[in-house]
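Here are some exercises with worked solutions. Keep the sequence and the 3D view open, try each task yourself, then read on.

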Amino acid sequence: MTSAPAPTRSPLSDGDWHRLHPLTPLLRGGLTLVVIAGILIANFRDRLIQGVVPIFVPEVDPGDFETGDPLDFIFERGLLLVALGAVIIVVLVLVGTFYLSWRFHTFRITGDDVEVRSGVLFRTQRRAPLDRVQGVNLTRPMIARLMGMAKLEVVGAGTDGNVKLEYLSTANAEEVRADILRLASGRRLAEARQAAAAAAGGRGVAGAASTIAAGLNEMIEGAEDPVDEPDSVVNIPVGRLIASHLLDGSLLFFLVLVGAIIVASVLGTPWLLLSAIPALLGFGAYWVRTITRSLRYSIAPTSSGVRITFGLFTTVTETLPPGRIHALEISQPILWRPAGWWAITVNRLSGRGLEAAGSDQFATVLPVGTRADVERVLQLLLPHLPREEWPLVFQHGVLGPEGNDPYVTTPRRAAWLRPTSWRRNGAYVTPDALFVRRGFIWRKLALFPLARMQSLAIAQGPVDRALRVANLQVHTVIGRVSGSLGIIDRDDAVSLFDRTEAAAVVAAASDRSHRWAGEEPLDVAAPGTVAAPGTDAAPGTDASAPAGPSEEARRAEVSP
């Protein structure tokens, strides 16, 4: 007896080919074309008329309208119908081009893939296998938001492997995203409902007309319908966000640079002062863009994964399914230390080119937060981290080292190679993750889930061999979280390598986080109940529940 398949939220996910929103060509290129045409007409209309009118009216001397307004010339010569006809022809050509572009741009969502076909003369087809989907991003640029539209980006596993659905109505985009995530979790779409099929029996001309009418209504009415957003477990005050950017070090470096330019100009090179103006404008634009991009931030658990939303003008929503985090890093600049602020970045497959991996806007999952905020976010991103490992995060990790430090660190004989951070420079492996701790001025703690670690390397240079130390390198997907750790005792590094290798094999064999069908959203604990110093309470776990035999066996294999 088989269970009933999951119901479909959107009729666009029934496995048939569908078209995007009728106003898609306008947002993808039409608005830009209109703006460019307006600029050209405003600046070169005299030259345009001088070149075009003689083609249709050979007896007209172009010198007759070198002065005065060209519109007056059109009225005086009785060319109004010719001008209107030319405008109508141009509009019809543009409308026809937009229609063909929309007509031949289709997509379908099956139980195995998300496919997109496009192109009139040259056809292209992109396909994203659902079992390789890493996440689904929903972006609503400001103009698209005013028209009640959004675009979806299905994040694939390969480089440049993303599939975009731009644009859909906001309601359809939300429902289609939920269907894609449900399918990617291993659940199949239900068969098309009989009622929906009967209702769609008259689709064709009438269906297209109703779709276009709905699109025009959305364009006229403007404001999008409200979308149900899950409550965020973290709220970032605007003042904290602005202060964090003031204290992150980049602004101070910029002010020092500007000060140096001003001093140099006063001492005899005044032309250097001019170079500070474009630098100031560029940095100001970057600073404002960075802040506005972090506004309206929210992060919340859903049945399909962690939902992260941010952006003031362009709103971006990413749904990150479980098991898609390849590395996570908690960092704290020294100027944030008095306020107790932290940031969290992650490595995960983005489907973009390698040149964009380092500047991926989705890498920062917590721009700035308190310790309680960090604990809440870690509960969402690492829900299966056992309770006994949580002291390794704060107590011995980002705040360490403390007494009885379990981390393997830089030996005293090589401290001169890490003069400020040799006590903090270290690593520790558990059956679930490899912890890499480094930095004194800029505290960092990186966590690498063993089930998704690609490889681990040991390297030695001539100085390292003389000091009997080695360097470790964790290989994971390209991102902003670095897996390098240098100047560790050679014997400790070899032992850490062996234990990590054994634990990674076991973790990869037992990992089931790539399938999340039927799971309920995680119930996040209250702030301060996770990873408190000196405690071993884990998020979302019962401290009295004993670990199963298989878990104990796994831990015995990697115990030092």
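**Exercise 1. Find the residues that Phe-254 touches, leaving out residues up to four places away in sequence.**

Step 1. Look around the ring: Phe-254 touches Ala-279, Leu-280 and Phe-283, where contact means heavy atoms within 4.5 Å.

Step 2. Place the residue. Phe-254 belongs to helix α9 (residues 250-266); helices (H or I, at least four residues) and strands (E, at least two) are DSSP runs, numbered from the N terminus.

Step 3. Check one neighbour along the chain. Phe-254 and Leu-280 are 26 residues apart in sequence, and their C-alpha atoms are separated by 8.4 Å.

Step 4. Is Phe-254 buried or exposed? Phe-254 has a relative accessible area of 7%, so it is buried. Buried means under 20% relative accessible area, exposed over 50%, and partly exposed in between (1.4 Å probe, protein chains only).

A word on the ground rules before you go on. This is a predicted model, in which local features need pLDDT of at least 70 and side-chain atom pairs count only at pLDDT 80 or more, while totals for chains, interfaces and linings use all residues. Residues are numbered from 1 along each chain as its sequence is written, and side-chain values use heavy atoms, with hydrogens and water left out.

**Exercise 2. Work out the strand order of the six-stranded open sheet.**

Step 1. Go across the sheet: the order is β7-β6-β5-β10-β9-β8, with antiparallel pairing. Two strands pair if DSSP finds at least two bridges between them.

Step 2. Spot the edges. β7 and β8 are the edge strands, each pairing on one side only.

Step 3. Add the twist, which averages 20° from one strand to the next. Axes here are lines fitted to C-alpha atoms, for helices over the stretch in contact, and angles run from 0 to 180 degrees between N-to-C directions.

Step 4. See what packs on the sheet. Helix α5 (residues 170-184) touches β5 (135-140), β6 (149-155), β7, β9 and β10, and its direction makes about 140° with that of β7. Helix α11 packs on the sheet too, touching β8 and β9, at about 40° to the direction of β8.

**Exercise 3. Trace how β8 and β9 are joined.**

Step 1. The two strands form a hairpin, with two residues between them.

Step 2. Count the bridges: β8 pairs with strand β9 (residues 305-310) over five of them, in the antiparallel sense. Ala-300, for instance, has Arg-307 in β9 as its bridge partner.

Step 3. Check the covering. In β8, four of the five residues are buried.

Step 4. Carry on to the next strand. β9 is also joined by five antiparallel bridges to strand β10 (residues 315-320), with Val-306 opposite Leu-320.

**Exercise 4. Describe the seven-stranded open sheet.**

Step 1. The order is β13-β12-β11-β17-β16-β15-β14, and the pairing is antiparallel. β13 (364-369) and β14 are the edge strands.

Step 2. Zoom in on one pair. Strand β15 (residues 426-429) and strand β16 (residues 433-438) run antiparallel, joined by four bridges; Tyr-428 stands opposite Phe-435 in β16.

Step 3. Add the helices. α11 lies across β11 (327-332), β12 (342-347) and β13, at about 160° to β13. Helix α14 (residues 490-510) touches β14, β15 and β16, and its direction makes about 30° with that of β15.

**Exercise 5. Find the largest nonpolar core.**

Step 1. A nonpolar core is a set of buried Ala, Val, Leu, Ile, Met, Phe, Trp, Tyr and Cys residues joined through side-chain atoms within 4.5 Å. The largest one has 44 residues, and Leu-328, Ile-344 and Val-393 have the most contacts inside it.

Step 2. Which helix gives the largest share of this core? That is α11 (residues 371-381), with five residues.

Step 3. A second, separate core has 23 residues, including Val-114 and Leu-130.

**Exercise 6. Hunt for unusual backbone geometry.**

Step 1. Start from the general rule: most residues other than glycine have a negative phi, and most peptide bonds are trans.

Step 2. Find the cis bonds. One joins Glu-166 and Tyr-167, with omega about 10°; another joins Gly-400 and Pro-401, with omega about 5°.

Step 3. Find positive phi values. Arg-296 has phi near 60° and is partly exposed at 47% relative accessibility. Ile-487 has a positive phi of about 60°, but this residue is buried, at 5%.
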